[in-house]
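User: I am in my first year and would like a close look at one part of this protein, namely its aromatic pairs and the nonpolar core. Please take me through that part slowly, in connected prose.

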Amino acid sequence: MNLRKIGVTALCCCAIFAVSIPIAAQTMTKAVVAEKIRRVEDGVDEFRKYLERRGDNARNASSTAQQSGRASGRRGTANTEARTATAQAGKDELDDALGDLNSSTNRLRRKFDATEKWIETKAQVERVVDDGRRINQVVARGKYGSDVAKLWATLRNNINDLARAYNVAPLGA
């Protein structure tokens with residue numbers, strides 16, 4: 001009976017020890033992690049370019065409508081101004097959140113390139129994930145369309161992949 005207790009205790013200690021060591025940190029090379037970071041950087045750039053193109057297209061459509069006289073329509077100008085202000089506030093919030101994510105991603109890249117052990121940049125990855133959470137909330141609340149949802153889903157997956165490499169809690173859906 002005593003031998004059985006020792007065996008069970010030893011097995012429990014081994015299980016606890018095995019779980020406490022991040023497996024990903026032992027097996028991933030710096031090049032693999034660098035690729036994960038590059039995917040996040042590319043996703044941020046793609047998202048920003050899309051928002052800029054979308055803003056340019058909206059401005060062009062608005063100026064064309066005003067020039068042709070179609071802007072007056074049935075709605076009053078107060079209603080249109082209120083909608084414009086609401087849309088602008090949402091766009092600004094998303095743009096600010098994306099700017100923060102871009103900054104934290106750039107900071108991660110600088111620190112990552114300067115270190116020998118990639119795991120030393122875990123704090124920067126946590127910041128990237130936190131900034132990603134903010135975008136996740138903004139996109140979930142807003143009505144940005146399917147293109148933004150697709151771009152964000154891809155970027156979110158890449159951020160989650162990077163987070164898992166560092167054993168950081170990933171973003172929710």
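Analyst: What follows goes from the overall fold to the aromatic pairs, and then to the core and some of its surroundings.

The model is a predicted one, and it has 6 helices and 0 strands, so it is read along the sequence as α-α-α-α-α-α. Of its 173 residues, 29% are buried. Among the contacts with a separation of 6 or more, 77% are made by residues 24 or more positions apart. The surface that the protein exposes comes to about 11,400 Å², and carbon and sulfur atoms supply 54% of that area.

With this background, we can turn to the aromatic rings, where a search of the whole structure finds 2 pairs. One of them is formed by Phe47 and Trp152, which lie 6.4 Å apart, centre to centre, with 85° between their planes, an edge-to-face arrangement. This pair links distant parts of the chain, since Phe47 belongs to helix H3 (residues 30-68) and Trp152 to helix H6 (residues 146-165), with their positions 105 residues apart in the numbering. Both Phe47 and Trp152 are buried.

The other pair is made by Trp118 and Tyr166, whose ring centres are 5.0 Å apart and whose planes meet at 85°, so this pair is edge-to-face as well. It too links distant parts of the chain, with Trp118 in the loop between H4 and helix H5 (122-141) and Tyr166 in the segment after H6, 48 residues apart. Trp118 has a relative accessible area of 7% and is therefore buried, and Tyr166, with a relative accessible area of 0%, is buried too; the cut-off behind both statements is that buried means under 20%.

Tyr166 also leads us to the core. The largest nonpolar core has 32 residues, and within it Ile159 and Tyr166 touch the most other members. H3, H4, H5 and H6 each supply at least two residues of this core, and the largest share, 8 residues, comes from H3. Once its neighbours within four places in sequence are set aside, Ile159 is in contact with Val40, Leu101, Val128, Val129, Gly132, Trp152 and Leu171, and Trp152 in that list is the residue that pairs with Phe47.

Thr105 shares some of these partners. This residue is placed in helix H4 (residues 77-114), and because its relative accessibility is 2%, it counts as buried. Apart from its neighbours within four places in sequence, Thr105 is in contact with Val40, Glu41, Val44 and Val128, and Val40 and Val128 are also among the contacts of Ile159. A polar atom of the Thr105 side chain lies 2.7 Å from the backbone oxygen of Leu101, and Leu101 is likewise one of the residues in contact with Ile159.

A further view of helix H6 comes from Leu151, which lies in that helix. Leu151 is partly exposed, because its relative accessible area is 21%. Leaving out its neighbours within four places in sequence, Leu151 is in contact with Glu46, Phe47 and Tyr50, and Phe47 is the ring that pairs with Trp152. Leu151 and Gly43 are 108 residues apart in sequence, while their C-alpha atoms are 7.6 Å apart in space.

One ring remains to be mentioned, that of Phe112, over which the charged end of Lys30 sits, 4.9 Å from the ring centre.

Definitions and conventions. Residues are numbered from 1 along each chain as its sequence is written. This is a predicted model: local features need pLDDT of at least 70, side-chain atom pairs count only at pLDDT 80 or more; totals for chains, interfaces and linings use all residues. Side-chain values use heavy atoms; hydrogens and water are left out. Helices (H or I, at least four residues) and strands (E, at least two) are DSSP runs, numbered from the N terminus. Buried means under 20% relative accessible area, exposed over 50%, partly exposed in between (1.4 Å probe, protein chains only). A polar contact is a pair of N or O atoms within 3.5 Å; within protein, one must be able to donate a hydrogen and the other to accept it, and residues adjacent in sequence count only if both atoms are side-chain atoms. Contact means heavy atoms within 4.5 Å. Rings of Phe, Tyr and Trp (its six-membered ring) pair if their centres lie within 6.5 Å; planes under 30 degrees apart count as stacked, over 60 as edge-to-face and the rest as tilted. A charge sits over a ring if NZ of Lys or CZ of Arg is within 6 Å of the ring centre and within 35 degrees of the ring normal. A nonpolar core is a set of buried Ala, Val, Leu, Ile, Met, Phe, Trp, Tyr and Cys residues joined through side-chain atoms within 4.5 Å. Accessible areas come from the Shrake-Rupley method with a 1.4 Å probe; for residues, only the protein chains shown count as cover.
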